[in-house]
Structure formats: C-alpha cells, structure tokens
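Biologist: I'm new to this one. Can you put it up and walk me through it?

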Number of protein chains: 2
Amino acid sequence: MTKVQEKMNHHNGVNLSIQRGFVTKLKSGLKETFFPDDPFRTIMEEEKLSRRVIKGVQYFVPIFEWLPNYNLRIFLSDLIAGLTIASLAIPQGISYAKLANLPPLVGLYSSFVPPLVYAVFGSSRHMAVGTIAAASLLIGNTISSVVDPIEDPTLYLHLIFTTTFVTGVFQACLGFFRLGILVDFFSHSTITGFMGGTAVILILQQLKGIFGLKHFSSKTNIIAVIQGIIANRHEIRWETTVLGIIFLVFLQFTRHLRTKKPKLFWVSAIAPMTTVIVGGLFTYLVKGQNHGIQIVGHLDKGLNPISIQYFNFDSKYLSAVLRAGLITGVLSLAEGIAIGRSFSVTDNTPHDGNKEMIAFGLMNLCGSFTSCYLTSGPFSKTAVNYNAGCKTAMTNVVQAILMALTLQFLAPLFSNTPIVALSAIIISAMVGLINYEEVIYLFKVDKFDFLICMGAFLGVTLISMDVGLMISVGLGILRALLYVARPATCKLGKLSDSGLYRDVEQYTNSSTIPGVLIIQVGSPVYFSNATYIKERILRYIKSEETSSGDIVEYTILDLTGVTSMDTTAIEGLLETNKILQSRGIQMSLVNPRMEVMEKLIASKFVEHIGKESFYLNLDDAVMASQYSLRTSKTNYNEDTA
Amino acid sequence: MTKVQEKMNHHNGVNLSIQRGFVTKLKSGLKETFFPDDPFRTIMEEEKLSRRVIKGVQYFVPIFEWLPNYNLRIFLSDLIAGLTIASLAIPQGISYAKLANLPPLVGLYSSFVPPLVYAVFGSSRHMAVGTIAAASLLIGNTISSVVDPIEDPTLYLHLIFTTTFVTGVFQACLGFFRLGILVDFFSHSTITGFMGGTAVILILQQLKGIFGLKHFSSKTNIIAVIQGIIANRHEIRWETTVLGIIFLVFLQFTRHLRTKKPKLFWVSAIAPMTTVIVGGLFTYLVKGQNHGIQIVGHLDKGLNPISIQYFNFDSKYLSAVLRAGLITGVLSLAEGIAIGRSFSVTDNTPHDGNKEMIAFGLMNLCGSFTSCYLTSGPFSKTAVNYNAGCKTAMTNVVQAILMALTLQFLAPLFSNTPIVALSAIIISAMVGLINYEEVIYLFKVDKFDFLICMGAFLGVTLISMDVGLMISVGLGILRALLYVARPATCKLGKLSDSGLYRDVEQYTNSSTIPGVLIIQVGSPVYFSNATYIKERILRYIKSEETSSGDIVEYTILDLTGVTSMDTTAIEGLLETNKILQSRGIQMSLVNPRMEVMEKLIASKFVEHIGKESFYLNLDDAVMASQYSLRTSKTNYNEDTA
C-alpha cells in the first residue's frame, strides 16, 4: 500500500480499509473456538517428516512422551504411590459399587482395566483412576427408575454396561471434536454446590448401613431419606451402630492427622483398607452375621469377564441409558479435568483437557467391554496419589496389577467385609467434600456465584441430583446471557493529573466537559442488547442534562471494549444516531475494533454516518467536539450581537 | 476522604479502595436489567403529589397523554387513516381466520374489541391492530394437532379462545415484570427468516384456494404441500384459477403502483376491499357456486358474543394450548414491537416496549372474553395506517366503530365472498414479506446472522413454524454463548505517531516492545471462558517467543474491556499468574473496572499478587516493565562482567 493510499484509507488515524476474507475469518473463528491451545504447533514446527510422525504419536498417545525417559528412581516413587492408591481402591470399589446397586466385584473390576487404558492415553501425571461416589449414585438412580436392581439384577447390570459404553463414546467424541468448551460451563461454583449436596445425601443414605437397616427409601432427597430412617427405626441394631461409630471415629482421626502432619498422609490413605480388614476379621471371629451385622457376601475369584455381548439398546430403556450416560459423562469429565488441572498447575506438569476427554472416553469404552462401570479421576484418590509422591501415570499400572492379583487370588477374603465398614468409609470420604469455606468465600466475593452454588446444593439435596445439576448450570447460562443482554456501560471523565479518561463512578476525581458526553460500551453489541444500549445512551443524555443543566451537543462512544457486532446492532446504532440527530446531538465513534470496523464498512454504516465521525483516540474526539462547540458558540454570539 | 488516605488507597493511580455495598450493587443490577429506560423518572421529578398521580396515570394509560390535546384537525387525519385500515381489516380478518381454521366472523370480531383496548393502553401512535397471518397459521396448526377443527369445531373454537387468554395473560405479565428482555432474543435476522419462510408456506397453502381444491395437506411444510397439490390435481377448477390469477394481477399491480407513486398508497390500501366486493358481486351474478367457485358462506349479524364461559383448561389439551399461547404470544410481540419501534424512530414519536407488552396483553385478554382470537400489530396494516397519515391511536377507534357497524348491519353481504379472492389477498400480502434484499445484506455483512436467518427460513419451510423459530433463536443464543465463551483478545502494539496502543493486526504500523507482551482482553471473564483466556495468554507468549526470538519477561493485561468477573475467573487469573511466575514472567494488570476491582479486593487477589502490579495507564505499565528490563539487563551485564 502506498503512503497516499494509506492516507486515504485512514481517517483521524482509524483504519477504514480493513476487510479480511470470509475464509480467513471463519478459520480464525474455528481455531479460537476449538483449538485455543494450538495443539499441533509443536508437531508442525518439526521439519523432518519422521520427527513429525513421532511428535504426532507422542501427542496423541502421551505414554510415548514419558516412557522413553522412565527410570528406576521414578518407578520407586510410582510404586509407593501405586500401592497406596490400590489399598484405597479396594474398599472404595466395593462401597461405590453398592451405591450404584451393583455387585461389589464390578467395583473391583473397574479398578483394573480403566487405569491401564488411562496410563497409555492420559495426559496428567497425577490422576488416579477409579469409580466416583456422585456418579455411582446418579447412574444407579437413573437406571433404577426403569429396572429394579433387586428384581432383575442381570438386566440392570447389562444396562449399566450399556450406559458406560454410551459415556465412553460420548466422552471420546467430545475430546475428538474438541468440545472441551462444554465442560467450561460447569463452573467451580456449580461443582462446589453439587459435591456438597451429593456428600450430604450420601452421608444420610449411609446411615442405612451404620444403623444396620434392611429397608430404606429408594429416593435420594433429604426428606425422603429422613422419612425412610424414621419409618424403619425398629430395625436399628445397636451392634452395627457401635461398630460404625468406632470406624468413623478412627477414619476421621486419621484424616485429622493428615491435615495436622501432612507427612503422615499414608496413615489416612491406608485407613480405609485397615477398616475393611479389621472389620472383616472381627465379623468373622464374632460371627457377626448372627448379631445383625450384614456382610458383603460371596465374591468370585477371577479377572474381568468380557461384557460386550450384554449391551442392551432396547428402546424401552434407551432414554434412561442415554440420560445417565450423558449426564454422568459430563459430570465425571468436569470432576476429572478440574482435579487434574489443579495439580498440574501446582507442579507445572502437562495437562490437556481435550486429551483427557479422549483418555476418559477410551477408558470407559474399554471398561464397558470388560464388566466395568463408569470411572473417572476421583478427587480423594488423586489427592492421595499426589501426596504419595507419584511421578507418572505408571501408578495406575501398579494399581491395576495389584487389583488383578487381588481379583485372582484374594477376592473371597473380602466376602466377610461388614457393610457398616463400607458405610463408614463413604461417610468419612464425603465429609471432606463439604467445602463450607469455599461457600463462604463465594458469598463474600460474588453473590451470583453463591446463588449458582446453592442452586446445585439445594437442588441436589431437596429434589434430585440431575435436577440440581441442571438448575445450577442453567443459572450459570442465565448469568452469561444476562451479561450479554445487559453489558456494562459507563460515563467517562478526564483525570486531571494523567489526562486519562476513566469511569466517573470509579474515579470520583475525574471531571466531565460541559456539553460533551463520553460513554464507554464494554461488550460485544448485538441483537440481545442493541435496544438496551440505545436506551442506555439516551438515559445518559437525559440524566446529564438534568443533573448539570447543560445541553448535550456531543456524544462520544468509546468502542474499545466492543469486540464484535451483528447486523441488529448496526441497525440499533443507526437508530440511535437518527434520534440524536433529531435532537441536534452529534455522535462520534472512538477506536472501533477490527471485526466491528469490517462490518461497519460492509453495511455502508461508515458511508452513512461519515468518515469524520470516527476517531482512533478519545482525546482527538473530545478536542474536535470542543473546537466545534467553541465555533458554534462564537457564531451564536456573532449572530446575536 | 483525606489526601493521605486517598494516596494510600490508590496505587499507580488505580483506585484500590472501591467497595460498594451489596444492596447498592443489587439495586443497580436490577435497574439495568429491568428498567434500563428509567421509566419513573419523569413521575418522580414532579414535586406535587397530585401532579405525580396525573403523570403516573398518564404513564400507565397513554390515552390520557394525547387525548387532552386532541382536536378536530388531528381527528380528520385519523378518520381517513381509520377508514383505510378498516377497509383492509374486513378482507384480512376473514382470510386470516380461514388460516386458523376459524369461522370468518371470529376474524371480524377480532378487529372490533382489541383495537379499542389498544387505543387506551397502547404507546405507539402508528400501530393498527388486527390479526396476523403467521400467528394465525401457527395457532391453527398447534390446536389442530389435538382437536380436529372440522370434526369438533365448537371445542376447537373454545380452545382458540383459551389460547388467546393464555397469550394475553402471558404478554401482560411480561410487560408488568418488565421482561422485554425476552423479546430482545428475537433478532432482526430471525424475524426476516421466519417471515420469509412463513410467507412461502402461506403462498403455497393458498394455492388450494386459487386452484379451488377441496382436499389438501394439513401439514405446513413445503414438501407436504406440494404433494398435497399433486395428489389432488384432479380437483383443479379452471374457473377459480382464472379468477384467482386476475385478482392476483390486480393486487400486485396496485402494490407496484404504491412503490412507484407513494401518493397513490390508498389505491393499494383499498384494493383488497375492492377485490372482495367485485369478487362477491361477480360470484353472486354468475351463480359461481354452480361453477365450482367456493364462497365464505352464511355470516350472522351482530356484535361479538361473550366467550368467557367457554374457556377450557382440560389437561388433555392444556399442553397444546400453553405451547400455542406462549409461542404466538412472544412471536406477535416481537413483530408488533419491531414495527412500532421502526415507525416511532422515523417520526420521533413515543414508543415503549414494556408498555406495548401490557397493551397487547390487555387487548388479547379482553379479546378472549369477547370471541376474538390473537391480535397484534401486523406489518402491512400498520404501514398502511402510517402512509394514510394517522396521528394517534384514534385510528384504531375509527376502525373498531366501522367494524362494529359492519358486524351489525353488513356482515351477511360478505357471505358471497369467493374463497379464491381471500387466497389472492393473502398471497399478495405475503409476497411483500419475502425480503430477499435483507437476506443478501445479511450475507454480505454478517455470515452468522445469515445462518440465523436461513435457520428460521429453512426450519419453517421444511419442518414446521415453531421448530424453525426455535432453531433460529437457538442459533442466536448459541452465538451469544460463543461470544461469551470465546471473547476476542488481541495483542497491542504502539502506534509511532500517536503513542496509542492498538491491535497489531488492525494497525500494521504499530510496533511491539521486545520482551514485553501487551494483551487486551475484551469481555467479561468468567467460568465459561476463564480457561480459554488462560490458554490464549500462554499461546500469545509462545507465539511471541517463536516469532521474534525474544524471551517474554513481562505480560501486561489491559482489562479496560473486562466489565465483570466471577470467582472462577479470579482463580483462572491466579493460575495464569502462577504459571507465568514459574517461567519467570511478571504479570501486570491495567485499568481494572469497578466491578472487577471490587471482586479482586474481596477475594484477596490484590493482596496476593501485590498492589504494585496494578496500573491505571498502559503507558505507565510499559514504562515500568522497560525500566525493570533495563535494570535486570544491567545487573546481568554487571554480573557477567
């Protein structure tokens, strides 16, 4: 572009000629939406094809990234961590399977195959794979609504495998199509509220185990559960209750120990296993069954049987299967990705949301073929893994091998585990998930976040888990839409010491210029807020005229914050200009951004309103208006003279 | 505040002490959301209570605003306009009632009571109240899906009254609770596409009348309609077809005349009435019924009977009634408010969306009590009213009186009206609604708006009207959420001539400072985009380091465009800071806005990152970084020396 051309295309410094092609804009839009982390950059940087292939394989299969540099020293760290999480995996596997109304063995199976798959494809170094309490309960609830797990346990089990398959396909697709954006809609506040609510109802539900009840409410909301306990209070057994309280006190004490002396984390890590062993021995020795202490019951030896032939896509159950699969899929991703990310930030190790989604998807897919149900990266287990000093995903391999040995040789030993021990383990784990400090923080910092959090909490505890989740996510989206429909605008004034233009409400020492109104618009303007922006501008003018008594002659819109516009917004701006003109007010636009400028040019808005109304700099626009104010006043004085 | 205190609370000019109370923030939030036009200002400005009451009544009942100044001259204008729209109301009333499978009389009733109600409560001066084609078809379709209008016409009619009642209550509530924000989600693009699609299917449907067919498809989508014509082609009557084509040519010619000579608008305005009269006379004289020309049939004399006793809230039909009521309610509001607004902008006359909603609601409520069905402000009729020189809502009174006289004395005369004349009237009106120029404009200016428009058009023509509408609104909301999830960021560079910092992509003559990266974030940051923003910043750093070879030591975030933040965003910012620190990069924040600052203070973010990282001015931040870059280099040189 020659200097002359450049000068012609610029006015008051504003670039009036910019116009990118449609394909360029589309490409950049797609890239920002789906590839914000620019994943293929490192691959494309390599010059040799062979290096590119290696980098590509390393990108898609992270095990190839860390395995070549693996050594004995790292392995020793991973071995200790693997032993620790395996000791947690056995009691957790059995208890969470109970939550989903599944045979305890399915819980153990789920800690064998999925961790192996994750070790190959997972991008996080700290993730410990296993079943999770909230999703177990949710999946159990949803499938129970179409098939009774006691009346037809086989069909129920098959539907659970099908659900896991659906979850796997869904998660892998999300990752493959790079829809990590969906997980972004689960905010911290939603997760905090949801976890807290789930913890409360889980604790209440486990009172069944602690009191040794045989009948109980099948619903999860708080009122139904309390009614269930009261209705069956004649079944309460003191033997179980005493045992339960002892286990609980022990588990809570070890947790307390961990917070006091972080080095003793292993005490709390092996505490659940200890509870299971001690409880099992005790029940065996005193013949607990005769005293009303319920036990897990017979457990078969042997590794995961193949389950692919059991998938059931009968239309009668399909809607429940899909609902359970999709909701638990997103939920477990949100939990797994959040926990993985927080540890990777602490340690500055790699973590990639989209890769995690693919890894989770593959792990549930393979799981559904081999008699496992939904797995993810549970908060508690991953934290233990991290504290135990894990270095790579090899800990999951160690966990899987130990689980395989247990399944092959030791499974029958766990048949004597008292249910009350499992209930105590779940309650103890759940107490830690009620994060009331975070809730107080939310209340202090952001009332709407608090509302989102309480929406999830109250929804989960009073109605049901999926409704609670939907209420909370819905509130989040409502907030997003409100931000979009009512963008913040502010009146700018000049700071005397620096000459900057800033919000007059925020900087009370700023001063305004009589007759000139400067408004900053702080958001994309489009259909949902075009009318609002128009009305807001008119209201600023009205209140300016009432408060100062000066007639507004110039309205300057600072568009720095307006990153984009649509056609409705352009029409709204034209309307505003028409109304202002009819009142003798001139409108200038300052610093329109690239995307906005492109559309203003294409829609002939620039031609209509005139190039001279555009400024690059607020100061220039203000000076131009002041100059013309003075001129008009001089003219007026001359006229009247 | 003393000077010393003020100095303590400011750092680098940033106001670090601002903290509004919760109630203040809530009040201002509610006001911006629901009262952006500050409606009670003029009332509250009055000092005397009596004046306040008068202003208040005038505010809520706009007729008191214009009636006191009403005079004969204005009335003459209104009389002519009223005569014109009444001559349009009779044929339109009969034809649109046919679209909704209703007796023609109901169409005429609907132009008597509702216009009277609107005249009292409506805020627009140009609105001509009547039934609208799209909503008539939509309401007819939805209710037909639960009750057959031919098998049980009485029940069908009662359900239509009930639907109108639901619409009225819904619209009045929207206005009362100031939820005009909902209507904002119908963008111009949606309305253009929806109108075009509706026009196409209406034209196709009216081929039934033109060809004189007796059987036809009950579905509205394009394929079903064409199949219906082909299946019944043996019923085509040449007499009707010839008559239909003559009427169509006549009507299109008068429309053409209007665009050529706007003064002759009245020719096209009375053309439909002429068609009806000529058609009726002709059919009467040649005994058209014997030649296969279908006529409207017997019409009773008399004004609207009371219909309140017919409301039917039977749960069997309730869901269809509610669906039809809500969708047509929002749809007719969107059309009515859009048309009212566009004329009020042209003439600078008052128009208030929330008042219009209340007026529309009351008019449908009263209508549902008196045998009317859904009314709104149709595009065509309002445009005719405007062209005929209407001055106030009195034209609606004139229209209503003429309609009352017609109903009382002339109704039986219209029994000979041939159906083909009505079909020609509808087709001719619909041709004008296919706004292909607007579609081309959308395609040129904004591809996503074009997509939204085509979504509505194709959805309506290929699937059904409500699905088309939902697709389009859904796309609009998706776009809003994408804006929100992927806010525009850009890298800033310094313009050499003005010293301003602007987007380097937009202003290619701007230059960057080695080692310092300036990023402008252009949107509220919160849960849905916190991760994205983090990744985008890291990507900027990576690409800066690869392209220039300099190591980035300072990252300056310009927060001017960040109008608000939530707790997830604050956490994300802390995460980003942690990652940057681990790479030895220092982060500064420039010009945080009031709401953002409040939350950064409340969440202890400011304490954590340090006051010295905040700047009011980009220049200061850049200078500070350059100073410290030089110092560190000097130190480095000294160290190595």
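Biologist: How many residues does each chain give to the contact?
Modeller: Chain A gives 70 residues and chain B gives 71, where contact means C-beta atoms, placed from the backbone, within 7 Å. This is a predicted model, where local features need pLDDT of at least 70, side-chain atom pairs count only at pLDDT 80 or more, and totals for chains, interfaces and linings use all residues. Residues are numbered from 1 along each chain as its sequence is written, and chains are lettered from A and ligands numbered from 1 in the order in which they are written.

Biologist: Which element gives the largest share on the side of chain A?
Modeller: H22(A), with eight residues. Helices are DSSP runs of H or I of at least four residues, strands are E runs of at least two, and both are numbered from the N terminus.

Biologist: And what about chain A overall, how many helices and strands?
Modeller: Chain A has 27 helices and nine strands. Its C-alpha trace spans about 115 × 65 × 55 Å along the principal axes.

Biologist: How much of chain A is buried?
Modeller: Buried residues are 51% of its 641 residues; buried means 20 or more other C-beta atoms, placed from the backbone, within 10 Å of the residue's own.

Biologist: What share of chain A's contacts with a separation of 6 or more comes from residues 24 or more positions apart?
Modeller: That share is 81%.

Technical notes. Two residues are in contact if their C-beta atoms, placed from the backbone, lie within 7 Å. A residue is buried if 20 or more other C-beta atoms lie within 10 Å of its own, exposed if 12 or fewer, and partly exposed in between; C-beta atoms are placed from the backbone.
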